[in-house]
Amino acid sequence: MWKDIILQEQKKPYFQDLLSFVNDEYASRTVFPPSEDVYNAFKYCPFNDVKVVILGQDPYHNFNQAHGLCFSVKQGNDIPPSLQNIYKELKSDLGIDPPSHGELTSWAKQGVLLLNTILTVRAHSPLSHKGKGWETFTDTIIQLMNDDDKPKVFVLWGNNAKQKRSLITNPKHLILMSSHPSPLSARYSFFGSRPFSKINRFLEDNKRTPIDWQIVG
């Protein structure tokens, strides 16, 4: 189903402009993630399986980090500070010890859509692909997730994610909001927010299988 949705969007003028820009960027500059990983959030988490939507902003902008899942880095890389704080809250909330790596693919495969609102970035230049069309595309994705009546949880960490609150209007869904897990803001309302147990309680209450937050691999 994601494939059909993406193909439909690709026919629209805004996406044609976006593709032209992104293709030029890949051809002339270093861009992350690798082109084959741009849509990994959808690859690992089929439409009908989505239980949780976690929104990020744009991909990590250093080498070998970004692989198409927000907050996640490929194994073999240092765990970024925001993800370290996510792991701290996971330990505090559910008693799960932090893994030795930062790859969250096992979450995605259980129905956690790890979606950045911007799907590409120029090397060492955060937000360099802002305002080029990705936001229109990912807003459409969020709205489709909202319109789908299967109960799911939208996780909005930080001001950028909270701006998407207005797109989520279906009362069947749960919205969790806090400050961003970055070292600059985690102390305001992220630490102690217990999102993981809240997500699982909601899923269980709605007869959906909870997420096993223990990171494997």
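Here is a walk through this predicted model, from the whole chain down to one pair of helices.

Let's start with the overall build. The chain's secondary structure adds up to nine helices and six strands. If you lay the C-alpha trace along its principal axes, the chain spans about 45 × 40 × 30 Å. How does that sit with the radius of gyration? For 217 residues, a compact globule would come out near 17 Å, and the chain has 17 Å, so the two agree.

Now for what's inside and what's outside. Of the chain's 217 residues, 54% count as buried, meaning under 20% relative accessible area. The accessible surface comes to about 10,200 Å², and carbon and sulfur atoms account for 49% of that. The contacts also tell you how the sequence is brought together: take those between residues at least 6 apart in sequence, and 67% of them join residues at least 24 apart.

Next, zoom in on two helices, α4 (residues 81–94) and α9 (residues 195–205). Their axes lie 7 Å apart, and the helices pack at an angle of about 60 degrees. Angles from 65 to 115 degrees would count as roughly perpendicular and those under 35 as roughly parallel, so α4 and α9 are oblique to each other.

Which residues do the meeting? On the α4 side they are Ile 86, Glu 89, Leu 90, Asp 93 and Leu 94, and on the α9 side Pro 195, Phe 196 and Ser 197. Sorted by class, this contact has five nonpolar residues, one polar and two charged.

Methods:
Residues numbered from 1 in each chain as written. Predicted model: local features only at pLDDT ≥ 70, side-chain atom pairs only at ≥ 80, totals over all residues. Heavy atoms only, no water. Axes fitted to C-alpha atoms, helices over the stretch in contact; angles between N-to-C directions. Helix = DSSP H or I, 4+ residues; strand = E, 2+ residues; numbered from the N terminus. Parallel < 35°, antiparallel > 145°, perpendicular 65-115°, else oblique. Contact = heavy atoms within 4.5 Å. Nonpolar A, V, L, I, M, F, W, Y, C, P; charged D, E, K, R; others polar. Rg over C-alpha atoms; globule rule 2.2 N^0.38 Å. Buried < 20%, exposed > 50% of the residue type's maximum accessible area, 1.4 Å probe, protein only. Areas by Shrake-Rupley, 256 points an atom, 1.4 Å probe, with all protein chains shown as cover.
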